[in-house]
Amino acid sequence: MAYTEPYYHQGEHETAFPSVMTAAIPHYQAQAQEVTLFEHAFRRQLPVLLKGPTGCGKTRFVEHMAAKLGRPLYTVACHDDLSAADLVGRHLIGDGETYWNDGPLTRAVREGAICYLDEVVEARKDTTVILHPLSDNRRILPIERTGETLHAPPEFMLVVSYNPGYQNLLKGMKPSTRQRFVALRFDYPKPEIETRIVAQETGVDTQLAAQLVKLANALRVLKEHDLEESASTRLLVYTATLMQDGFEPLAACRAALVEPLTDDPETVEALMEVVNTFFA
């Protein structure tokens with residue numbers, strides 16, 4: 001299991017951890033009303049579902065909102081072996097005795113934090129069972145192994161995400177689960193917004209950022225033909241970062257934009273022909 005320890009932000013919204021140093025709010029470029037909707041959901045104790053392709057800014061958005069709201073954030077990267085016990089906790093043995101160790105979901109509930117389950121459909125199916133009572137009006141987390149039933153404080157928020165493009169019969173989100181959430185659909189930003197993001201994140205000039213965005217949109221047109229996934233904003237940032245550091249543009253595009261999209265050598269060369277039209 002991979003998860004990040006929470007960070008804390010103080011400022012207009014005081015947290016329950018005043019001794020922790022202030023963390024900067026991660027930059028996020030809003031595209032529509034997602035920030036306002038998230039704030040309303042937080043105030044009304046509603047769980048949120050983020051839907052969108054890889055690398056379009058879902059995780060950055062949650063980090064931004066957690067810092068903006070002044071709440072700790074636990075991020076869990078879900079995978080095939082992630083079980084309910086990994087989220088809730090388990091008994092461990094140490095120093096000759098058995099003790100209970102909270103998982104990240106349990107910690108988030110106890111602390112009134114935001115718990116973000118990234119690519120939640122990748123986790124094992126038994127995780128859905130523990131999310132249901134937390135994502136309806138009960139807002140409880142039963143811990144069978146200790147006999148506890150935790151009642152989530154008002155500050156606790158459950159956020160999950162997944163990529164609908166990867167959905168199939170085995171790894172889709174069941175309607176009974178999906179309908180427990182307020183849903184936000186993410187996509188790659190409009191060209192002018194994506195240009196600002198690339199420039200802001202990497203320090204490249206606006207002209208180069210715009211050129212990379214045009215290239216990405218040209219590659220995205222090919223998604224339905226040769227590629228399983230589109231060129232993401234994240235990959236554009238990686239490419240621009242290499243260029244800003246002085247790496248040759250064509251080589252940067254190959255390493256950070258084209259090669260991550262496919263393992264097929266012929267497809268790589270076909271994509272590089274597109275790149276050459278922009279960075280000859």
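Helix α10, which covers residues 233-244 of this predicted model, has a length that can be checked against its residue count: at 1.5 Å a residue its 12 residues should span 16 Å, and because the C-alpha atoms at its two ends are 16 Å apart, the expected and computed values agree. Within α10, the residues Thr233, Leu235, Leu236, Val237, Thr239, Ala240 and Met243 are buried. The elements that cover these buried residues include α7 (191-202), α8 (206-220) and α11 (249-258). Just after α10, the chain reaches glycine 246, whose phi is positive, at about 100 degrees.

Positive phi values also occur in residues other than glycine, and glutamine 45 and glutamate 119 are examples. Glutamine 45, with a phi near 60 degrees, is placed in the loop that runs between helix α1 (34-43) and strand β2 (48-51). Its relative accessible area is 32%, and because this value lies between the limits of 20% for buried and 50% for exposed residues, glutamine 45 is partly exposed.

Glutamate 119, which is not a glycine either, takes a positive phi of about 55 degrees, and its place is in the loop between strand β6 (114-118) and helix α5 (126-131). For glutamate 119 the relative accessible area is 16%, and since buried means under 20%, this residue is therefore counted as buried. Of these two loop residues, then, glutamine 45 is partly exposed, whereas glutamate 119 is buried.

Conventions:
Residues are numbered from 1 along each chain as its sequence is written. This is a predicted model: local features need pLDDT of at least 70, side-chain atom pairs count only at pLDDT 80 or more; totals for chains, interfaces and linings use all residues. Side-chain values use heavy atoms; hydrogens and water are left out. Helices (H or I, at least four residues) and strands (E, at least two) are DSSP runs, numbered from the N terminus. The expected span of a helix is 1.5 Å times one less than its number of residues. Buried means under 20% relative accessible area, exposed over 50%, partly exposed in between (1.4 Å probe, protein chains only). Contact means heavy atoms within 4.5 Å.
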